[in-house]
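This report describes one protein chain, moving from its ring pairs to its ligand and then to its overall form. Please keep the structure in view while reading.

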Amino acid sequence: MASTTETPAASPYERIGGLVALRRITDRFYDLMETEPAFATLRAMHAPDLAPMRESLSLFLAGWSGGPRTWWEANPGKCMVSLHAPFGINHETAAQWADAMRNAIADTAPGDTAIAEALADVLDRMARGMAKA
Ligand code: HEM
């Protein structure tokens, strides 16, 4: 007979390594954006101080992957896609975002490689889906 006390499957948030791992990924992402010439156009779209973005993106990714919903509590009713509509994202800048994030995930390598690849793939699709031209 099946047990009724099975442990629930780990959420993507837990498999990635929680907020500590997401902060590592996010910090690497903005470090790459700040230093790599390949991401210069993307960098230029952001405010000079990336510290608020480091905080905001890591908290967004935490809630989105099944962890604490701090970002949503701080931003009630805010929609990530509508929020990006005024930025004039095109295929080039969407690809820069997706590539920087894929590199950041690879560089900080969560131990669970299947979830690391799944994370890179789904964020790649999300970023490219925001391109309007
Ligand atoms: C497609 C390429 C993307 C571009 C060019 C882009 C660009 C931007 C820019 C210019 C800002 C405002 C930053 C500032 O004021 O300094 C921003 C904010 C933000 N973006 Fe993106 N973004 C992209 C994709 C994404 C994706 C896929 C996510 C989520 C997975 C994301 C998450 C965020 C978050 C959390 C904020 C801050 C919102 C807030 O807390 O107010 N972005 N983005």
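A search of the whole structure, which is a predicted model, finds 5 aromatic pairs. One of them joins Trp71 and Trp72 in an edge-to-face arrangement, with 5.2 Å from centre to centre and 80 degrees between the planes. The angle counts as edge-to-face because it is over 60 degrees. Ring pairs also link Phe29, Tyr30 and Trp97 into a cluster.

**Burial of selected residues**

How buried or exposed are the two partners of the edge-to-face pair? Trp71 is buried, with a relative accessible area of 6%, whereas Trp72 is partly exposed, with a value of 24%. The two residues fall into separate classes because buried means under 20% relative accessible area, and partly exposed covers values from there up to 50%. The table sets these two residues beside Thr26, which is buried as well.

| Residue | Relative accessible area | Class |
|---|---|---|
| Thr26 | 0% | buried |
| Trp71 | 6% | buried |
| Trp72 | 24% | partly exposed |

**The surroundings of Thr26**

Thr26 is located in helix H2, which comprises residues 18-35. Which residues does Thr26 touch, if those up to four places away in sequence are not counted? They are Met53, Arg54, Leu57, Ser58 and Leu61. The relative accessible area of Thr26 is 0%, and Thr26 is therefore classed as buried.

**The iron atom of the ligand**

Which residue of the protein donates to the iron atom of the ligand? The only protein donor is His84, through its atom NE2, at 2.0 Å. His84 belongs to helix H6, which covers residues 80-84.

**The chain as a whole**

The secondary structure amounts to 8 helices and 0 strands. Read from the N terminus, the order of elements is accordingly α-α-α-α-α-α-α-α. Along the principal axes, the C-alpha atoms fill a box of roughly 60 × 35 × 25 Å.

Of the 133 residues in the chain, 38% are buried. The chain exposes about 7,600 Å², and carbon and sulfur atoms supply 58% of that area. Contacts can also be sorted by separation in sequence: among those between residues at least 6 apart, 71% join residues at least 24 apart.

Finally, the chain carries 12 positive and 16 negative charges, and the mean positions of these two groups are 4 Å apart.

Terms used: Residues numbered from 1 in each chain as written. Predicted model: local features only at pLDDT ≥ 70, side-chain atom pairs only at ≥ 80, totals over all residues. Heavy atoms only, no water. Helix = DSSP H or I, 4+ residues; strand = E, 2+ residues; numbered from the N terminus. Buried < 20%, exposed > 50% of the residue type's maximum accessible area, 1.4 Å probe, protein only. Contact = heavy atoms within 4.5 Å. Areas by Shrake-Rupley, 256 points an atom, 1.4 Å probe, with all protein chains shown as cover. Lys, Arg positive; Asp, Glu negative; His and termini not counted. Charge placed at Lys NZ, Arg CZ, Asp CG, Glu CD. Donors = N, O, S within 2.8 Å, 3.2 Å for Na, K, Ca; no water. Phe/Tyr/Trp six-rings, centres within 6.5 Å; stacked < 30°, edge-to-face > 60°.
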